[in-house]
Amino acid sequence: MDVDIESSQPAGPMDPAKETPREQRDEALLETIQRLRQSEQAMSELARALSADEVSAVLLGFGERVLRAAAGAVYLTDGDEQRLTLRGSRGVAPWERPAVLTPDLPFPLATAMKQHEPVWIESHAGLVAAYPALVAVETSRPRVESVVALPLVHLGRLIGGLALSFERAQSFSAADKGWLTGFAAQAALAAERARLYEAEKQARAEAEALFRINESLNAARLDLETLAQRVTDEATALAGAGFGAFFYNVVNEQGESYLLYTLSGATHDGFARFGLPRNTPLFAPTFAGEGVVRVADVKQDPRYGSMAPHHGTPPGHPPVTSYLAVPVISRTGAVLGGLFFGHPAPDRFSERHERLIKAVAASAAAAIDNARLFRATVDAEETQRRLVAELSETVRLNELFTGVLAHDLRNPLGAILSSADVASRTPAAGRDEAQLARVFSRIAGSGRRMSRMIEQLLDFTRIRFGTSMRLEPRPLDLRELVRRVSDELEQSHPGVRFSLAVTGDTTGNWDEDRLCQVLSNLLGNAVQHGAREHGVRIALDGSAANSIVLTVHNVGSIPSERLRHLFAPFEANASRKHGSSGLGLGLFIAHELARAHGGSLEAQSSSEAGTTFTLTLPRTAALDTPRKRPDPSLAAAADDDIDAWQRSIALGETGEKFRLLVESVKDYAIFMLDTRGRVATWNAGAERIKGYHAREIIGQHFSVFYAPGEVASGLCERELALAASEGRLETEGLRVRKDGTTFWANVVLTALYDQRGTLTGFAKVTRDLTERRRLEEERIRRAQAEEAVRVRDEFLSVASHELRTPLAIVELQLDALETHLPGLDPSLARTLSRARRGTSQLTRLVNSLLAATRIAIDGFTLFRETFDLAQALAACIDGLRKPAKLAGCELTTAFEAPLVGTWDRRRLEQLVTNLVWNALTYAPGAPVRVGASRDGDAVLIEVSDQGPGVDPADAERVFERFERACAASEYSGLGLGLYVVREIARAHGGSASVDTTPGRGARFLVRIPAGTPAP
């Protein structure tokens, strides 16, 4: 049967007119054909629809043309099934089409939305019964007789809904319902496809915008002001704001924090007169980092206009209705500032704008962090280089100081020992020669003890500074060496006996002097700490072909807590027996000398077995090889979650965002390899770090990044195999750039598997750690230099304390000679005079050492009292007249009396003593003048001489530690006296200076406040 479908009058779901059975069949056939064609046309339109608005238009047109609906509305979801948003309507009153539809509203479509089932209402009575509130409103429109509410459901998820109303009552057959339900399913599929398309399109646009912004921020990352302006411009454009502002915190070099801002869409001149934003209720949440503030109409917000003086927008300010503010927060949680946007129209900022600006704020925070970190890194590098240079100079001065110390301590000590030796052999007519012999013996014994201390301290310094223990091996018989050392100790320790047992060959190649030092320390330690009545047992075992073993045993035990640290420097001082002496360095030096020979030194001790030291030496001493300090491992790079990457690539919009993100990363080389190790992808970071463009490297084997020797050894294949078996491999090493240069890299290689567990390739992340390694090496050098300084101060402290005891004995013995043996032979008197000068010089050096180390380690603690400085200085100068006479200097004074104030008496006496000794050292045979007078509310102390003077360029330097105006070969001293003078003056709140003309003497001036009288 031919039917003119186009000219036929379409009917609703059912024509209630009565027809004959034949006419009814013909009409049903015609209607079926017509529905099929109209459905095909609607399906075709849905297939072409790419947006939610296009899908909505197709659905409303279908209801109007095909179903003859009087009105209709289409709602679609934004992802939340409990909220549908109106996307289009025709012929529907405003109260019948809310902007957002929820399941609890009194609408048929809300019921269909909640039940996921269509709602069919065939009469007005049924509508009134089911939804009385909907028809309660009187309208001028024709009455609604029937309603169809179709939920759009795809794979069990609500996508949207279509509501249609009819002005004629409708009867919906099962066929009608099935047809419309099927059409709704196809409409749901089209709506979901349109939603995904729009989401992908929007995500791509957002990703491209964020990529552009990120590129822009990277280009400006070193200039904070330029960076902030670009953030403001890009964010304002992205949000579609009328104007935007970025207020950000800045900390200057003094640590002071203040607020700067950049603008977009408005001029600085127009904003300048408004001042910076205050902590108002509307601004405060942003500056506190509490979260985003988005207001459709700021004038309706209760927080707006609550503070004087403006109670709202200041006059002349750009109009603001829509308001959006996003905090910019550092990765550390600190609030860096805030982005603020305004628009004169209401409701201009959506959730999308909020999401985009939050992403911009995160990028801005990272860029600002990086800019600040870069600036801090540059500053730190500069500071690091300066400190390393300064500390390197300090290490150099340490080595110079070691030589100066040996020279300046040994010279006066040599004078004391030689004088004592000469005096002991000089006949003393009419004197008790036995008494003189005892005195000179004590002087010589104390001198030798100080000499041993100095040698030990110098050895200790060499070891701790990393200087090699130089050996001069030659053929020796260890048995003869042991006998010689034990014989010497038996003579110096009457009553102690040494027994020696020898097995095998005891010959070898060793340094004789150094082994004597080891044996003296071991045997001396056994004598000092063991039970003397039981003696010391020595055993030599030379039965092995390549080594020889020496054991030293004594009765007596070492506590277990001390045994663990027995070979540490100064450990012996922690637990001394009564009457023992020394620096606690002997065993430490013996242990290091054993190691220098390629051997070892160990100790065992118990109350039952006693104490045994075991020295093992190779037959031939090892070559002198400086010990290499371990290189601390560099900090590993952060783990990269490649699995998350792999998962996200499979997602549409997230994969696109991630692809853009990876391509924009410049600090890491991120690329993929196929299963055979060929490069498959390449990012900007890889190009920057390795030097290859993508077109040059993609398809090449990753072995081009390795040195030829590593490639030949099969390293690349081993790395791929390990990553495939373990899932992940992390290594560090040298890698090769395109230009052939190398860099230190941290590499993470991760195997990638598909859902079936098949290996699909590898992800590789490489980070250039060259700069970090360089900084780490500088840090190590700095730490080593600081350790050298610490060891030096430790050395000085021990030296000054331990040398004072034997030095005091020498002074007492010389005093006894002068007091009890008057009228000595002139020759003997001159000899003792030289010893006295050496003692005074050594005492001054030791006191300077002690003072300097106390300042360096603990600083000064002043014990103030009120006294007359003129009287105290006069007494101090009287004590210096004898050394002045020995130096050939006339010592004069000029004190204004009285000079009453509150100071540390002992420290000021030390200050003047150092200045006088400085004059006696540099101007021997010339007059020295000491003066003190009032200078306002302070006292001025002056010491002048007629020596070589000080170059004005060195006027500040001479007050530093270990600094001297003249060469060490010309004048003795450690360069500490003036340093102590300056520190004493500073501790009193004063200053020290020198007024000088080269060749015309020096005038040292110390000015100190008088202070408050002590109660």
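**Reading helices, strands and single residues**

Mentor: The crossing of helix α26 and helix α27 is left-handed. Please bear in mind that the model is predicted.

Trainee: At what angle do the axes of α26 and α27 cross, and within what distance do they come?

Mentor: The axes of α26 (residues 905-922) and α27 (residues 977-987) cross at roughly 150 degrees, coming within 9 Å. An angle over 145 degrees counts as roughly antiparallel, so α26 is roughly antiparallel to α27.

Trainee: Which residues make the contact, and to which classes do they belong?

Mentor: Helix α26 contributes Arg907, Leu908, Gln910, Leu911, Asn914, Leu915 and Asn918. From α27 come Gly977, Leu978, Val980, Val981, Ile984 and Ala985. Sorted by class, the contact has eight nonpolar, four polar and one charged residues.

Trainee: I should like to turn to sheets. How do the strands of a sheet pair?

Mentor: In general, strands pair through backbone hydrogen bonds, and the pairing is either parallel or antiparallel. Here, an open sheet of five strands shows mixed pairing, in the order β13-β15-β16-β18-β17.

Trainee: Which strands stand at the edges of that sheet?

Mentor: The edge strands are β13 (498-504) and β17 (600-606). Each has a single partner strand, so one side of each is left without a neighbour in the sheet. From one strand to the next, the twist averages 15 degrees.

Trainee: How many bridges join β15 and β16, and in which sense do they pair?

Mentor: Strand β15 (residues 536-542) pairs with β16 (residues 547-554) over six bridges, in the antiparallel sense. To locate the register in the model, take Leu540, whose bridge partner in β16 is Leu550.

Trainee: Which helices pack on this sheet?

Mentor: Helix α13 (residues 512-529) packs on the sheet and touches β13, β15, β16, β17 and β18 (610-618). The direction of α13 makes about 25 degrees with that of β16. Helix α15 (residues 586-596) also packs on the sheet, touching β17 and β18. The direction of α15 makes about 135 degrees with that of β17.

Trainee: What do β20 and β21 form, and how many residues lie between them?

Mentor: They form a hairpin with five residues between the strands, and Gly740 in the turn has a positive phi of about 95 degrees. Strands β20 (residues 728-736) and β21 (residues 742-753) pair in the antiparallel sense over nine bridges. Within this pair, Leu729 stands opposite Leu749.

Trainee: Is Glu719 buried or exposed?

Mentor: The cut-off for buried is under 20% relative accessible area. Glu719 has a value of 6%, so Glu719 is buried. Glu719 is found in helix α21 (residues 715-726). Setting aside residues up to four places away in sequence, Glu719 touches Phe702, Tyr706, Leu729, Thr731, Arg735 and Leu749. Leu729 and Leu749 in that list are the two residues that stand opposite each other in the hairpin.

Trainee: What is the relative accessible area of Arg65, and which residues is Arg65 in contact with?

Mentor: Arg65 has a relative accessible area of 39% and is partly exposed. Its place is in helix α2 (residues 52-65). Leaving aside neighbours within four places in sequence, Arg65 is in contact with Gln41 and Glu45. Arg65 and Gln38 are 27 residues apart in sequence, yet their C-alpha atoms are 8.9 Å apart in space.

Trainee: How many helices and strands does the protein chain have, and what share of its residues counts as buried?

Mentor: The chain has 27 helices and 29 strands. Of its 1015 residues, 45% count as buried.

Terms used:
Residues numbered from 1 in each chain as written. Predicted model: local features only at pLDDT ≥ 70, side-chain atom pairs only at ≥ 80, totals over all residues. Heavy atoms only, no water. Pairing = 2+ DSSP bridges. Helix = DSSP H or I, 4+ residues; strand = E, 2+ residues; numbered from the N terminus. Axes fitted to C-alpha atoms, helices over the stretch in contact; angles between N-to-C directions. Contact = heavy atoms within 4.5 Å. Parallel < 35°, antiparallel > 145°, perpendicular 65-115°, else oblique. Left-handed = near helix turned anticlockwise from the far one by under 90°. Nonpolar A, V, L, I, M, F, W, Y, C, P; charged D, E, K, R; others polar. Buried < 20%, exposed > 50% of the residue type's maximum accessible area, 1.4 Å probe, protein only.
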